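Here is a walk through a structure for someone meeting it for the first time. The sequence and the model come first, and the explanation follows.

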Amino acid sequence: MKKNVMLWIGGSMLILLFATALLGPYLPFIDADLKAERFRMENGHLIQAPYDFSPKNPLGSSKFGVDNLSRIVVGARETLLIVFAVSLLRYVIGIPLGLLAERKKGFARALLGWLNGVFTSVPTLLMTVLLAAVPFFLFSSGRLYWMIAIMALVEVGRVGYIVQQQAASITRESYTEAGRALGLRPIRLLKAYYIPALLPEMIVNFCLDLGKVLVLIGQLGVLTVYLNPGSAEAGLNNEFEFVNTANDWGSMISDHIPDMNTGHFGSILVPIIAIVYAVFAFSLFGEGLRRLQKDQS
Amino acid sequence: MVPDGSLDWKAYGQSIRSFASELFQQGSLGVTRYGEPVGPVVLKALLLSLPVILGALLTGFLLGIPKGMLDYALSRTRLSMLGSGITWIMQALPDFFILLLVRRTLIHHPKWGIQFFNQQGWESFVIPTAIAAIYPIFYIARVTSAAIASEEGKLYIQTARAKGLPEHLVFTRHVMANTLGRVLTHFMPIGVYILSSLLLIEALRNMPGAAYRMFQAIDYNKVSASTGNVEPGVIIGIAFGFMLLAQLFHLIGYLARRRMSLH
């Protein structure tokens with residue numbers, strides 16, 4: 001058998017990612033508290049943040065003097081938790097909805113059609129921003145949870161639709177017809193026929209979806225739409241400003257976006273490359289799993 | 001003062017009522033924050049984006065199909081990683097990564113004479129179109145090479161070969177004819193992807209096309225005095241435009257699928 005290179009590379013990239021998320025903050029060169037060091041003495045000169053790439057800040061620092069490498073490592077856990085929560089929610093709602101919509105023609109099918117119609121016709125990113133800007137979600141102290149729900153909701157219809165399509169093709173299989181002719185109960189049919197046939201494809205899709213969610217978080221970051229409530233700081237003229245308090249990679253992009261035009265492009269690239277790395281890991285692993293299933297069948 | 005986000009149902013109801021009454025009694029979507037009527041504003045924004053959308057679709061098909069043929073041709077040689085490998089990598093790259101790199105490069109090389117932010121000249125069409133077309137090109141390349149591979153060895157092709165049809169005619173008349181139909185069935189996801197990549201492209205180029213104008217109308221702003229600048233008319237108008245486009249893409253994909261199943 002040909003070696004499944006994609007699975008191996010993707011798998012090792014994922015292991016490195018998870019290890020970083022789990023153990024990274026305890027490494028000696030990582031500043032887990034993310035101390036802001038606005039000024040620093042070097043060779044008798046007082047220098048001001050942001051600092052350039054140096055042994056002390058291997059990936060530079062933010063304009064507040066927070067070390068970029070430490071922030072990436074500390075934020076990895078938060079980012080992965082959000083990404084997994086969104087994808088899990090999508091599939092926990094999408095799979096039963098798709099199965100129900102395939103079996104019965106009533107409410108579930110109407111709901112799925114509606115979800116699909118509303119959320120696929122307006123681009124996902126715009127829909128997410130639109131919902132994220134609703135004052136109720138914008139000012140809610142549980143904003144992060146609402147944002148997870150919103151990001152899951154905008155693509156639930158797509159997941160449900162895929163499940164429905166695949167379930168329909170399983171229904172047409174002769175072994176399912178045989179099972180139905182034998183008088184098996186729906187639960188038994190589900191357990192013995194639908195789930196085993198659906199599961200492999202769903203696992204692959206789930207891996208690919210993790211990458212998609214991460215890209216969405218990055219896009220929101222570029223638009224400086226925060227996932228977290230943040231604290232509001234008063235400004236002039238009765239204004240206030242949301243100040244980001246989170247360390248996930250999307251928020252990190254939004255913190256660096258204002259520096260984009262002042263020559264600190266390197267520090268935007270740090271979270272973006274972290275996202276690219278993770279997206280590649282998820283996609284390679286998903287694609288590798290698909291090849292594995294193809295080889296086995 | 002920081003709003004606490006509690007729902008003021010009365011105010012919500014009031015503003016929805018007044019919006020609806022204007023919509024149904026006068027047939028207008030109201031005015032923008034600058035006092036212009038919404039209709040022409042929405043139309044202008046859509047017309048700004050439409051050439052980019054169509055250009056990206058066209059570029060995607062014109063470059064993606066040859067790339068897919070190349071990938072398929074290379075798949076049996078040692079260079080297969082060069083073909084499908086590059087296609088796969090380009091497809092997995094997040095769009096904002098490419099976008100930010102292009103923006104940075106063009107800003108830092110003024111000598112090249114390519115103005116990233118140009119709203120009038122050729123750049124205003126070519127730059128967004130090229131960036132929006134990247135994903136479709138590689139998506140279509142992937143679909144094309146898979147479709148060619150699935151036609152391989154089918155009976156009608158063996159028949160054509162057995163009848164002595166030259167190989168290049170077998171490929172153009174039979175394999176590609178069927179492949180094109182199959183690629184067209186993917187019209188909807190490609191079109192919708194272009195629509196959703198539009199927002200970042202327009203936002204980073206500062207061009208108020210449909211997606212960015214809708215973003216401005218949503219008025220998400222982390223520094224804000226109030227949330228009074230939301231323009232519901234613009235949001236609804238542009239969303240309607242997007243829905244029409246998505247339905248059009250859906251229809252094209254549906255027609256292609258029906259044609260495939262008739263064969």
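A place to start is P94(B), which sits in the loop that joins α3 and α4 of chain B. The model is a predicted one, and everything said below is computed from it. P94(B) has a relative accessibility of 2% and counts as buried, because the cut-off for buried is under 20%. Setting aside the neighbours within four places in sequence, P94(B) is in contact with V215(A) and V276(A). Both of these partners carry the letter of chain A, so this loop residue of chain B touches the other chain.

From P94(B) one can move to S197(B), which is 103 residues away along the chain, while the C-alpha atoms of the two are separated by 10 Å. S197(B) is part of helix α8 of chain B. With a relative accessible area of 5%, S197(B) is buried, because that value lies under 20%. When residues up to four places away in sequence are not counted, S197(B) touches D95(B) and A132(B).

With these two residues placed, the chain as a whole can be described. Chain B contains 10 helices and one strand. Along the sequence the order is α-α-α-α-α-α-α-α-α-β-α, with the strand between the ninth helix and the last one. Of the 263 residues in chain B, 45% are buried. Among contacts in chain B with a separation of 6 or more, 72% are between residues 24 or more positions apart. The accessible surface of chain B is about 14100 Å², and carbon and sulfur atoms account for 66% of that surface.

What does the contact between the two chains take from each of them? Chain B gives 43 residues and chain A gives 47 residues. The area buried between chain B and chain A is about 4200 Å², and 77% of this comes from carbon and sulfur atoms.

Specific pairings across this interface can also be listed. The rule finds one salt bridge between chain B and chain A. In a salt bridge, the side chain of R142(B) meets that of E287(A), with 3.2 Å from N to O. Two residue pairs are found in polar contact across the interface, both at pLDDT 80 or more. On the side of chain B that touches chain A, the elements giving two or more residues are α3 (80-92), α4 (95-108), α8 (187-205), α9 (210-218), β1 (223-224) and α10 (232-262). Of these, α8(B) gives the most, with eight residues. Sorted by class, that side of chain B has 33 nonpolar, four polar and six charged residues.

Two loop residues remain, one in each chain, and both concern the backbone angle phi. Most residues other than glycine have a negative phi. T224(A) has a phi near 50°, a positive value in a residue other than glycine. T224(A) is placed in the loop between α8 (186-222) and β3 (231-234) of chain A. Its relative accessibility is 16%, so T224(A) counts as buried.

In chain B, N206(B) has a phi near 60°, which is again positive in a residue other than glycine. N206(B) is found in the loop between α8 and α9 of chain B. Is N206(B) buried or partly exposed? At 49% relative accessibility, N206(B) counts as partly exposed, because exposed would require over 50% and buried under 20%.

Terms used:
Residues numbered from 1 in each chain as written. Chains lettered and ligands numbered in written order. Predicted model: local features only at pLDDT ≥ 70, side-chain atom pairs only at ≥ 80, totals over all residues. Heavy atoms only, no water. Helix = DSSP H or I, 4+ residues; strand = E, 2+ residues; numbered from the N terminus. Buried < 20%, exposed > 50% of the residue type's maximum accessible area, 1.4 Å probe, protein only. Contact = heavy atoms within 4.5 Å. Areas by Shrake-Rupley, 256 points an atom, 1.4 Å probe, with all protein chains shown as cover. Buried area = accessible area lost by both parts, 1.4 Å probe. Salt bridge = Lys/Arg side-chain N within 4 Å of Asp/Glu carboxyl O. Polar contact = N/O pair within 3.5 Å; in protein donor to acceptor, adjacent residues only side chain to side chain. Nonpolar A, V, L, I, M, F, W, Y, C, P; charged D, E, K, R; others polar.
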